[in-house]
Amino acid sequence: MNDEAEATGLVRSWRESAAAPGTVVLDGFHALKHALRFGGDVRYACTDDLAALLRLADELAPDVAPALAALAVELPGPALRALAPKPHPTGVVALAVRPGPAANLAALSRSPRPAPVVLLENPRNLGNVGAVIRLAAGFGATGVVTTGDLDPWHPNVVRGSAGLHFATAVERLTLAELPAGPLYVLDPEGADIRSVTVPDDALLAFGTERHGVSEELRGRAARLVAVPMQPGVSSFNLATSVAMGLFHWMSGRRP
Ligand SMILES: C[S@@+](CC[C@H](N)C(=O)[O-])C[C@H]1O[C@@H](n2cnc3c(N)ncnc32)[C@H](O)[C@@H]1O
């Protein structure tokens, strides 16, 4: 797009769309790739080097290259920086519409549930939440539910998950709204996880980074389970704990 008026118009309509509820910023090629691959409703994809972007798609994700070629628009550098002041190293930023809560809630409440739901109680770190969503997508968990005020669709979370929000169900709920299922709470003071089989319909719950699991969640637990640690080590990182919990669940199933 070389015409300045056209670029200005696109920046304006991007800003209007970005301000609408339910719109998600996809920062960088990998987030955009996963959104397209997993059926995300992507509305804009802008870059300052279209040829380079299409080469990257041919090289890394030929399955999404045709969709990307139909969607992507080249903007002059200053116009791109008006959309993304610090563009991702892959030079592309996109806008998508997140799946509606109704679809996610239906997926999370599915019965029988084929794989656990990961519950993060009041997480604080955007990078941790993104890493957990990426793990959930990788392991085939049913979805990720967060409680508390952090938005699990924040652009930095979507960047941390590499856009894998579109491959699993991601919702923020209150403890009163949790989907049904036995609550397996991961806590350093629980029983050794190696003696426990995590059922497919479990809610696999994890506490907040600093303070761990609340008394309320602990009180509701069907099982309190721990990944054993060496003496003197107080806890593992949140996302690492989710990885171990999901790996343990997966290890209990037939390949
Ligand atoms: C960084 S930790 C919280 C640390 C907090 N001071 C505590 O003692 O629980 C965040 C969450 O990761 C999970 N976690 C960390 N280490 C764990 C372990 N050894 N076994 C089970 N869960 C663990 C728990 O769900 C915990 O609430």
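Q: What makes seven of the residues lining the second largest pocket nonpolar, and how do the others divide?
A: In this predicted model, the lining of the second largest pocket divides into seven nonpolar, one polar and three charged residues. Ala, Val, Leu, Trp and Pro are among the types that count as nonpolar, while Asp, Lys and Arg count as charged. The lining includes Trp 14, Val 25, Leu 83, Ala 84 and Pro 85, so residues like these go in the nonpolar class. Asp 27, Lys 86 and Arg 159 are also in the lining, and their types put them in the charged class. Asn 156 lines this pocket too, and Asn is not named as nonpolar or charged, so it counts as polar.

Q: Which elements supply the lining of the second largest pocket, and how much space lies in it?
A: Strand S1 (23–27) and helix H8 (155–160) are the elements that give two or more residues to that lining. H8 has the largest share, with three residues. About 160 Å³ of space lies in this pocket.

Q: How do you know where the ligand sits?
A: The test is that more than half of a molecule's atoms lie within 2 Å of the grid points of a pocket. The ligand sits in the largest pocket, which has a volume of about 390 Å³.

Q: What makes up the lining of the largest pocket?
A: There are 22 lining residues, and Leu 186, Pro 188, Ser 235, Phe 236 and Ser 241 lie nearest the centre. By class, that's 10 nonpolar, seven polar and five charged. S8, S10 and helix H10 (238–251) each supply at least two residues, with S8 giving the largest share, four residues.

Q: Why is the pair between the ligand and Leu 186 called a polar contact?
A: A polar contact needs a pair of N or O atoms within 3.5 Å. An oxygen atom of the ligand is 2.6 Å from a polar backbone atom of Leu 186, so the pair meets that cut-off.

Q: What makes the ligand's pairs with Val 227 and Phe 236 polar contacts as well?
A: For Val 227, a polar backbone atom is 2.9 Å from a nitrogen atom of the ligand. For Phe 236, a backbone N or O atom lies 2.9 Å from a ligand nitrogen. Both pairs are within 3.5 Å, so both count.

Q: How much of the ligand does the protein bury?
A: The protein buries 86% of the 560 Å² that the ligand exposes when taken alone.

Q: Which residues come nearest the ligand, and what classes make up its shell?
A: Of the 18 residues around the ligand, Leu 186, Gly 207, Arg 210, Val 227 and Phe 236 come nearest. The shell divides into nine nonpolar, six polar and three charged residues. S8 gives the most to the shell, with three residues.

Q: What makes the peptide bond from Ser 111 to Pro 112 cis?
A: Omega for that bond is near 0°, and the bond is cis. Pro 112 is in the loop between helix H6 (101–108) and strand S5 (117–120).

Q: What is notable about phi of Asn 122, and where is this residue?
A: Phi of Asn 122 is near 45°, a positive value in a residue other than glycine. Asn 122 is in the loop between S5 and helix H7 (126–139).

Technical notes. Residues numbered from 1 in each chain as written. Predicted model: local features only at pLDDT ≥ 70, side-chain atom pairs only at ≥ 80, totals over all residues. Heavy atoms only, no water. Near = heavy atom within 4 Å. Polar contact = N/O pair within 3.5 Å; in protein donor to acceptor, adjacent residues only side chain to side chain. Areas by Shrake-Rupley, 256 points an atom, 1.4 Å probe, with all protein chains shown as cover. 1 Å grid on protein atoms, 1.4 Å probe; cavity = no way out; pocket = protein on both sides within 12 Å on 5 of 7 lines; lining within 4 Å. Points joined across faces, edges and corners; volume = space filled by probe spheres on them.
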